[in-house]
Each structure stands twice: as structure tokens, then as C-alpha cells.
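Work through the exercises below with the model open. Each one sets a task and then solves it in steps.

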Amino acid sequence: MQTREDIEPRYLAPAEAAVDWLNARDGSGFELTGLAAIPEADADAPFDLGLVLCDGEMCTRQDVHITPAGDTYQFALAADAERDVPALLDPPAGLRRDWLDAQLAKYEFVLLLYYRGRW
């Protein structure tokens with residue numbers, strides 16, 4: 001997995017555009033935090049990106065098929081494939097800390113459950 005800061009510049013713009021497309025399509029507020037799958041194809045040919053998205057409450061993986069169309073892109077959900085990274089993800093450490101601080105500001109205590117390697 002690559003964090004957002006490590007994404008190659010040629011894939012960053014289509015990844016951010018795909019997040020905007022998903023948010024508009026689903027009425028969600030996700031932000032790009034990384035890539036779970038990096039294509040091996042040329043960025044001018046159609047490719048799939050495994051986006052790692054977080055919205056402050058939860059993180060998820062969404063596979064998107066991206067087709068370059070001039071200065072824009074066309075998007076479709078990629079066909080389900082066998083994944084090394086599951087669809088629902090444990091948030092990255094920095095996001096988890098922010099979420100935990102926000103919860104502790106609202107509640108007297110927070111119970112964390114760790115089950116089979118997932119929070």
C-alpha cells in the first residue's frame with residue numbers, strides 16, 4: 001500500500017478525480033489516504049486503482065476502473081477481484097488518534113475492541 005504522499009504524480013490526479021466521482025455518486029465525504037493497488041499499465045491507457053479512502057469515522061477500499069478521456073477521466077467500479085487489502089480497513093494510525101481524541105472529547109471513556117488484527 002502507498003500512502004497519499006507516495007503516490008506517483010501521474011496517478012494522483014486520476015485518483016483524486018475518482019474520489020470526487022465516488023463522493024458525488026454516493027453522497028459521501030471520503031478523502032484519498034492512499035492506494036492499495038498500483039497499476040502496471042501506462043497512465044494513458046485504461047487502468048484500475050485500489051483507492052484507500054477515509055472519512056474520519058471509517059476507512060474503506062474502493063476499486064475504480066479509470067479511462068483517460070483527453071483532459072478528463074471516465075470512471076466505473078472495477079470488477080471484484082481477489083484482494084490482498086480488504087474492503088473495510090482499520091484507519092491509519094494518525095486518523096485513528098484524531099478519531100479517538102474526538103470521541104474522548106464527547107464521552108467520559110471509550111472502549112476499544114481489537115479482534116483478529118482489526119480495531
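**Exercise 1. The cysteine pair**

Which residue in β4 stands opposite C54?

Solution. The model is a predicted one. Start with the strand register: C54 stands opposite C59 in β4. Next, check the sulfurs. A disulfide joins C54 to C59, with an S to S distance of 2.0 Å. The cut-off for a disulfide is 2.5 Å. The structure holds 1 disulfide. Now take the handedness. The torsion about the S-S bond of C54 and C59 is about 110°, so this disulfide is right-handed. Last, check burial. C54 has a relative accessibility of 4%, so C54 counts as buried. C59 is at 3%, so C59 is buried as well.

**Exercise 2. Layout of the chain**

State how many helices and strands the chain has, and give their order.

Solution. Count first: the chain has 2 helices and 6 strands. Then read from the N terminus: the elements run β-α-β-β-β-β-β-α. Turn to burial. Of the 119 residues in the chain, 29% are buried. The exposed area of the chain is about 7900 Å², and carbon and sulfur atoms supply 52% of it. Finish with contacts. Among contacts in the chain with a separation of 6 or more, 48% are between residues 24 or more positions apart.

**Exercise 3. Strand β3 and its neighbours**

Find the strands that bridges join to β3, and say how they run.

Solution. Take β2 (residues 31-37) first. 5 bridges join β2 to β3, and the two run antiparallel. Across this pairing, L32 stands opposite L53 in β3. Now take the pairing with β4. 8 bridges join β3 to β4, again running antiparallel. Here L53 stands opposite T60 in β4. So L53 has L32 opposite in one pairing and T60 in the other. 

Then ask how β3 sits in the model. In β3, 7 of the 8 residues are buried, so the strand is largely enclosed by the rest of the structure.

**Exercise 4. An aromatic pair across the chain**

Classify the ring pair of Y11 and F47, and locate both residues.

Solution. A search of the whole structure finds 3 aromatic pairs. The ring centres of Y11 and F47 are 5.3 Å apart and the ring planes stand at 70°, so this pair is edge-to-face. The pair links distant parts of the chain: Y11 is in helix α1 (residues 9-26) and F47 is in strand β3 (residues 47-54), 36 residues apart. Check burial next. Y11 is at 1% relative accessibility, so Y11 counts as buried. F47 is at 3%, so F47 is buried too. Look also at W21, Y73 and F75: ring pairs link these residues into a cluster.

**Exercise 5. Strand β4 and a polar contact**

Is D63 buried or exposed?

Solution. Place D63 first: D63 is in strand β4 (residues 59-69). The relative accessibility of D63 is 8%, and the limit for buried is under 20%. D63 therefore counts as buried. Now find a partner. The side chain of D63 makes a polar contact with the side chain of R61, at 2.9 Å.

**Exercise 6. The hairpin of β4 and β5**

Where is G70, and what phi does it take?

Solution. Begin with the pairing. 6 bridges join β4 to β5, which run antiparallel. One bridge partner to note is Q74 in β5, which pairs with T67. Move to the loop: G70 is found between β4 and β5 (72-77). This hairpin has 2 residues between the strands, and G70 takes a positive phi near 70°. G70 has a relative accessible area of 75%, so G70 is exposed. Then take a distance. The C-alpha atoms of G70 and D44 are separated by 9.2 Å, and the two residues are 26 residues apart along the chain.

**Exercise 7. A residue in helix α1**

List the contacts of N23, leaving aside its neighbours within four places in sequence.

Solution. N23 lies in helix α1. Its relative accessible area is 13%, so N23 is buried. With those sequence neighbours set aside, N23 is in contact with S28, G29 and F30.

Note on methods
Residues are numbered from 1 along each chain as its sequence is written. This is a predicted model: local features need pLDDT of at least 70, side-chain atom pairs count only at pLDDT 80 or more; totals for chains, interfaces and linings use all residues. Side-chain values use heavy atoms; hydrogens and water are left out. Helices (H or I, at least four residues) and strands (E, at least two) are DSSP runs, numbered from the N terminus. Buried means under 20% relative accessible area, exposed over 50%, partly exposed in between (1.4 Å probe, protein chains only). A polar contact is a pair of N or O atoms within 3.5 Å; within protein, one must be able to donate a hydrogen and the other to accept it, and residues adjacent in sequence count only if both atoms are side-chain atoms. Rings of Phe, Tyr and Trp (its six-membered ring) pair if their centres lie within 6.5 Å; planes under 30 degrees apart count as stacked, over 60 as edge-to-face and the rest as tilted. Contact means heavy atoms within 4.5 Å. Accessible areas come from the Shrake-Rupley method with a 1.4 Å probe; for residues, only the protein chains shown count as cover. Two strands pair if DSSP finds at least two bridges between them.
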